[in-house]
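Let us walk through this structure step by step, beginning with its overall architecture and then turning to its interior.

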Amino acid sequence: MKNLEKAIVTDNALSIRIIEAAKKLFMEHGFKGTTTKMIAEEAKVNEATIFRHFKNKEGVFLELSKELTRYSNSKLESVMESELPVEDLLYEFGLGLYRRIVESKGLLIVAIIESKRRSELVTNVTNTLKSIVEVLEKKLESLYIAGKLDKHDFFTISLMYVESLIGLFIVQNRLEGDLIPVEIQRLCRGASKVLAAGLIKRD
């Protein structure tokens with residue numbers, strides 16, 4: 001029994017090492033530019049180990065893309081639990097989300113691009129975005145129940161805010177800021193001001 005447990009721990013450690021190595025390489029070289037040989041060298045394992053754990057490069061990337069969904073929303077949720085005014089709440093949420101996107105920038109972009117060719121990735125990318133939208137939607141609903149906001153379609157509002165920031169990042173990343181040369185703080189502040197003005201309940 002102890003030998004079996006030791007083998008499982010060893011296998012898990014190897015899987016984690018392979019995933020971390022693959023993450024680094026996918027972010028640097030993209031999906032096409034990364035090979036199982038490169039991953040094996042970075043993880044300091046042989047290619048056979050990769051094939052045994054994940055079958056192929058696609059298997060490694062599919063597992064890695066699940067991290068986007070598993071990524072903790074704790075920072076965003078902590079902002080939502082605060083008692084900040086609505087405009088500041090939206091601003092801090094937007095800024096926190098954008099920072100999260102930046103942290104996983106290569107991985108997120110590669111996952112979105114590859115999801116067009118690999119339908120199994122669509123679920124992982126969709127679940128990631130859905131979980132973020134739900135954090136904001138839940139907060140807006142609670143503010144409405146508390147009598148601070150007028151009734152609106154909070155899901156659509158949350159979705160539009162989240163997607164606008166993700167879209168902005170992709171545009172900025174692809175065009176190196178040439179299209180929209182504005183700092184993210186100003187954009188988040190402006191967007192949160194407009195949103196808050198339309199949401200806050202007027203006496």
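The paragraphs below go from the secondary structure to the surface and then to the nonpolar cores.

The model is a predicted one, and in it the protein contains ten helices and zero strands. Read from the N terminus, the order of elements is accordingly α-α-α-α-α-α-α-α-α-α. Of the contacts between residues at least 6 apart in sequence, 70% join residues that are at least 24 apart.

As for the division between interior and surface, 40% of the 203 residues in the protein are buried. The protein exposes about 11,800 Å², and 56% of this area is supplied by carbon and sulfur atoms.

Which residues have the most contacts inside the largest nonpolar core? They are L90, F93, L97 and L140, within a core that has 33 residues. At least two residues of this core come from each of α5 (74-80), α6 (86-103), α7 (105-115), α8 (119-145), α9 (154-175) and α10 (184-199). Among these contributors, α6 provides the largest share of the core, with nine residues.

The surroundings of L97 give a more local view of the packing. Once its neighbours within four places in sequence are left aside, L97 is in contact with L76, I132, V162 and L165. Apart from the core described so far lies another core, made up of 22 residues, and L14, I18, F61 and L64 are among them.

Taken together, the description is of a protein with ten helices and zero strands, in which a largest nonpolar core of 33 residues is accompanied by another core of 22 residues lying apart from it.

Conventions
Residues are numbered from 1 along each chain as its sequence is written. This is a predicted model: local features need pLDDT of at least 70, side-chain atom pairs count only at pLDDT 80 or more; totals for chains, interfaces and linings use all residues. Side-chain values use heavy atoms; hydrogens and water are left out. Helices (H or I, at least four residues) and strands (E, at least two) are DSSP runs, numbered from the N terminus. Buried means under 20% relative accessible area, exposed over 50%, partly exposed in between (1.4 Å probe, protein chains only). Contact means heavy atoms within 4.5 Å. Accessible areas come from the Shrake-Rupley method with a 1.4 Å probe; for residues, only the protein chains shown count as cover. A nonpolar core is a set of buried Ala, Val, Leu, Ile, Met, Phe, Trp, Tyr and Cys residues joined through side-chain atoms within 4.5 Å.
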